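Let's take a walk through a protein model, from its overall make-up to a few spots worth zooming in on. Keep the viewer open and follow along.

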Amino acid sequence: MEPELRPRASGHLLSPAELLAVRTRDHKIPQRSHGQKDFMPDGSEEQQEKLCQCRDEQWQLLREERVERLGSLVKAEWKPLEGIVELKSPAGKFWHTMGYTEHGKQCLLPEEALYLLECGSIQLFYKDLPLSVQEAYENLLSQMSVSLLKYQVFSHLKRLGYIVQRFRSSTIATPYEQQLNLDSHYQNAEKKHHKRKRSSSPWLHGKKPKTSERTQEYAQPPQKDKRHHESSSHPVSDGGSLPEEKVKESDSGVAVEETIPTASDAVQCYQSPPVCMEDHHESSTTTSLESQGDTCPSRWNFTTITFPNMGADCPQTVLLQPDKRLLPENVTAREVDATRWRKRLNQKHEKLSHKEREHLEWERKYKSSINEDKEVRQCSTWQEYKALLKKKRQQREKNCPAHFWKQTVTPLLKPDQGLSTADVLQQISVLQPSHILDGASQLQNNSIAMKIDFDVYPADTASSFKKNKPGKPFVRMCVRSFDEQIPTLRAVKQLAYQSGDVPVVFALVDNGDIAFCSFKEFKLPVDVYP
Amino acid sequence: MIRIHVLEGKAFVWNCADVQRIREEHRIVGTLVGALARKPRQNVRLGLPLQLLPEEARLLLEKDVATLIKNPSSKPFADDAEQDPLFLEAVAAYQEEQEESYMEQLRLAAEQRKALLGSLAERIAQGRAKKQQQKGEGGEPLSKPADPESSFVFPRESMMVQLPTERTWLGQEEVDWHLPSKEWPYGGQPEHEMRYCVFQSLWEQGYYITSGSKFGGDFLVYPGDPMRFHAHYIALCVTRDAPLSLCDIISVGRLGTSVKKTVLLCSVDQDGTVVYTSLQWSGMQ
């Protein structure tokens with residue numbers, strides 16, 4: 001059939017007067033204020049009237065045509081061969097989240113152009129003639145680029161305010177990058193600038209028994225560390241002491257320096273960096289000290305230098321008279337009891353988060369410091385310690401009956417493993433839970449039946465959104481028809497793998513209605529304490 | 001004739017009057033899927049086009065009130081149309097029309113402004129007199145009120161342009177909906193035939209019917225226009241002699257009960273009549 005060419009014949013084109021009248025058109029949608037829906041039509045006039053109102057309102061809205069000021073329309077041209085739309089006048093605000101530049105030309109993808117046409121933001125031309133919305137639907141949408149279904153999902157999301165981009169696999173981290181967790185590293189790096197962790201200095205960190213001794217494996221031999229001689233001039237077997245005290249202890253060197261000079265009667269002699277002193281020791285040095293001089297390249301002999309412990313846990317804080325040689329002239333120093341001062345130090349309580357508190361509590365219950373073992377503390381070298389370990393192991397093995405442990409089938413658990421209940425359950429379970437990404441990388445070489453269609457970014461990021469560097473999407477969208485099969489586990493795995501750590505959402509389109517659903521990994525909660 | 005346009009196997013109505021007729025005269029509802037011209041960036045109320053279920057479209061076609069039209073395979077202008085006299089004519093006509101529209105809008109806008117100034121003339125005069133008084137006599141003599149005709153500007157950017165919704169030229173190719181084709185693959189499909197039988201049967205009893213996928217069924221059946229009434233039934237099309245699992249029956253029964261609707265199991269008998277079975281949740285006490 002020959003196309004009948006009557007370009008201007010149709011009745012739905014508005015006259016100039018009508019066009020001008022649109023300027024004063026209402027821009028609000030009428031609220032549906034016709035009350036609740038009724039149960040049954042009863043033929044009453046009231047019902048009929050309400051229905052008529054509703055319908056009239058509806059037809060009124062549908063009859064309205066898109067009319068815009070010429071100046072606020074961006075001119076765009078449809079290029080069917082390239083399958084893109086090229087802008088002929090400078091882009092509007094939409095350029096922030098849509099479009100791309102190619103060979104110095106501003107271009108739009110078909111779905112973007114069609115959406116903008118529907119929004120009355122662009123005027124779309126094809127061969128110098130404007131396209132109607134219907135023609136744009138019929139020409140711009142195709143199975144090859146963007147199908148009708150995909151466009152319906154795209155425009156639905158766009159109307160809700162989301163930023164929607166075509167899925168780009170390059171935005172996804174490679175498995176290696178995922179393994180390294182690069183992304184979260186960047187995020188953390190940013191955060192660290194604002195919020196320093198407690199005790200970020202490694203020096204202080206090392207002195208904290210909480211972090212150094214107890215969590216750094218049990219294999220640490222007792223008190224070999226030089227640092228301990230500096231800091232712990234009193235018994236170290238303080239497994240049960242609170243972390244607050246520890247922090248105070250580690251802070252004390254600094255604190256003394258800061259506070260004591262303000263007192264006129266006390267003269268400060270303990271300074272950091274430490275200076276060599278002859279025989280000024282704390283009286284409470286009980287740990288057996290070993291000479292470290294030969295391994296120490298420093299000119300300071302740290303075994304003979306002690307620092308006062310100004311911590312709240314230290315019963316005595318008598319600071320002896322400092323060596324006169326270390327003092328400037330005209331300054332006299334004397335012995336001082338700092339107990340009074342100490343009470344004023346470190347008044348601030350360390351604030352632990354709920355999680356940290358829980359962790360500590362747990363540690364106290366289920367972990368024990370290796371230093372609590374008297375035998376271990378008697379060891380003074382690694383050699384001795386290792387010998388002790390060996391001896392203990394042999395003892396244990398003697399306790400294991402041969403018919404139990406020396407055969408091919410042995411118990412899953414050893415009695416001395418000291419595991420928590422959860423660990424035991426984990427150890428003896430036959431079926432291990434599987435993760436959605438398990439084995440997903442092997443599935444990739446097969447032909448992929450399903451593809452991710454869109455990357456969706458939340459609406460509130462629009463101000464900071466960058467097209468070239470969109471970052472991590474909020475979700476990725478996979479468009480499906482309502483009557484298609486439910487995706488198989490294989491397909492779900494493939495999609496999850498392609499998407500990385502961004503959730504994949506399925507958009508199911510049924511006759512213009514769109515429903516969203518996603519398959520989420522579910523970890524069965526384990527009700528074991530701890 | 002109501003024009004139903006096919007796009008990717010889906011039926012669309014682009015003409016507003018057609019949409020109104022479909023609803024008011026034929027009780028066919030459909031789904032609006034486009035952006036509303038007045039407020040395009042929201043999903044609460046949508047605009048043209050109206051998408052029809054294959055069954056809805058078929059009913060209109062069977063009743064011979066509509067034609068199924070596809071996007072013409074022959075484009076109005078060939079790709080090398082730049083020299084086509086017909087094409088050049090069309091472009092010239094469009095441009096001329098735009099020019100005419102601009103001139104007319106200019107004239108109308110000027111008229112409107114004049115009318116506005118006329119209606120406000122008294123107040124303007126009062127304002128001027130007041131201003132002069134404030135300035136005192138020492139001020140320069142009042143500049144004469146500018147001629148409204150000459151001072152009026154209506155730049156070309158201010159011209160209002162329509163972005164038409166419906167196709168502006170009427171090239172069309174009819175599709176035979178009886179036979180399955182690439183454009184309209186439904187004819188003769190057993191699934192479609194069954195659904196259509198049920199749809200038609202319900203429709204003939206005076207109901208309004210919409211898609212029922214939201215409720216896990218085939219159709220939702222309304223006693224009146226869905227704008228004003230709630231659905232009463234969820235229709236589920238089942239093949240007459242296909243076994244039905246008890247689990248499915250229970251799940252649809254449960255669903256129907258929880259949304260206060262009755263589930264209808266609909267199947268087509270050998271002679272084409274539709275048999276309805278309703279499910280009711282009951283307990284023994």
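## Where the two chains meet

This is a predicted model, so keep that in mind as you look around. Start at the interface between the chains: across it, the rule finds five salt bridges. One to look up is the pair B:R167 and A:E138, where the closest N and O atoms sit 2.7 Å apart. Polar contacts turn up here too, with 38 residue pairs across the interface of chain A and chain B, both residues at pLDDT 80 or more.

Which parts of chain A touch chain B? The elements giving two or more residues to that side are α1 (16–21), α2 (45–63), β1 (66–69), α3 (110–118), β6 (122–126), β7 (129–130), α4 (133–140) and α5 (148–159) of chain A. The largest share, 11 residues, comes from α2(A). Sort this side of chain A by class and you get 39 nonpolar, 22 polar and 27 charged residues.

## Counting the contact

How many residues are involved? In chain A, 88 residues are in contact with 85 residues of chain B. Put as area, about 8,700 Å² is buried between chain A and chain B, and carbon and sulfur atoms give 57% of that. On the chain A side, the residues that lose the most area to chain B are A:Q134, A:R159 and A:N511, which together make up 9% of what that side buries.

## A strand pairing across the chains

Now for a pairing that crosses from one chain to the other. Strand β1(A) is joined by four bridges to strand β6 of chain B, residues 160–163, and the two run antiparallel. To find the spot, look for A:V67, which stands opposite B:Q162 in β6(B). As a bit of background, strands of a sheet pair through backbone hydrogen bonds, either parallel or antiparallel.

## A serine in a loop

Next, find A:S147 in the loop between α4 and α5 of chain A. Is A:S147 buried or exposed? Buried counts as under 20% relative accessible area, and A:S147 comes in at 8%, so this residue is buried. Leaving out residues up to four places away in sequence, A:S147 touches A:L141, A:S142 and B:E8.

## Inside chain A

Chain A has 530 residues, and buried ones make up 39% of them. You can pick out 18 helices and 14 strands in this chain. If you take the contacts in chain A with a separation of 6 or more, residues 24 or more positions apart account for 64% of them.

Among the helices, have a look at α3(A). Why can we call this helix largely enclosed by the rest of the structure? Because nine of the nine residues of α3(A) are buried. The buried residues of α3(A) include charged-letter names you might spot, A:E111, A:E112 and A:E118, along with A:P110, A:A113, A:L114, A:Y115, A:L116 and A:L117. Just after α3(A), A:G120 takes a positive phi of about 75°.

## Inside chain B

Over in chain B there are six helices and 12 strands. This chain has 285 residues, and 47% of them are buried. Among contacts in chain B between residues at least 6 apart in sequence, 58% join residues at least 24 apart.

What order do the strands of the open sheet follow? Six strands of chain B line up as β3-β4-β2-β1-β5-β7, with mixed pairing. At the edges are β3 and β7 (173–174) of chain B, each pairing on one side only.

## Zooming in on β4 of chain B

Strand β4 of chain B covers residues 47–52, and six of the six are buried, so the strand is largely enclosed by the rest of the structure. One partner of β4(B) is strand β2 (residues 10–13) of chain B, paired in the antiparallel sense over three bridges. Another partner is strand β3 (residues 31–34) of chain B, which is joined to β4(B) by three bridges and also runs antiparallel.

Which residue of β4(B) is opposite B:F12? That would be B:Q51. B:Q51 is also the bridge partner of B:T31, so click on B:Q51 to see both pairings.

Note on methods: Residues are numbered from 1 along each chain as its sequence is written. Chains are lettered from A and ligands numbered from 1 in the order in which they are written. This is a predicted model: local features need pLDDT of at least 70, side-chain atom pairs count only at pLDDT 80 or more; totals for chains, interfaces and linings use all residues. Side-chain values use heavy atoms; hydrogens and water are left out. Contact means heavy atoms within 4.5 Å. Buried area is the accessible area (1.4 Å probe) that two parts lose on being put together, summed over both. A salt bridge is a side-chain nitrogen of Lys or Arg within 4 Å of a carboxyl oxygen of Asp or Glu. A polar contact is a pair of N or O atoms within 3.5 Å; within protein, one must be able to donate a hydrogen and the other to accept it, and residues adjacent in sequence count only if both atoms are side-chain atoms. Ala, Val, Leu, Ile, Met, Phe, Trp, Tyr, Cys and Pro count as nonpolar, Asp, Glu, Lys and Arg as charged, and the others, Gly among them, as polar. Two strands pair if DSSP finds at least two bridges between them. Buried means under 20% relative accessible area, exposed over 50%, partly exposed in between (1.4 Å probe, protein chains only).
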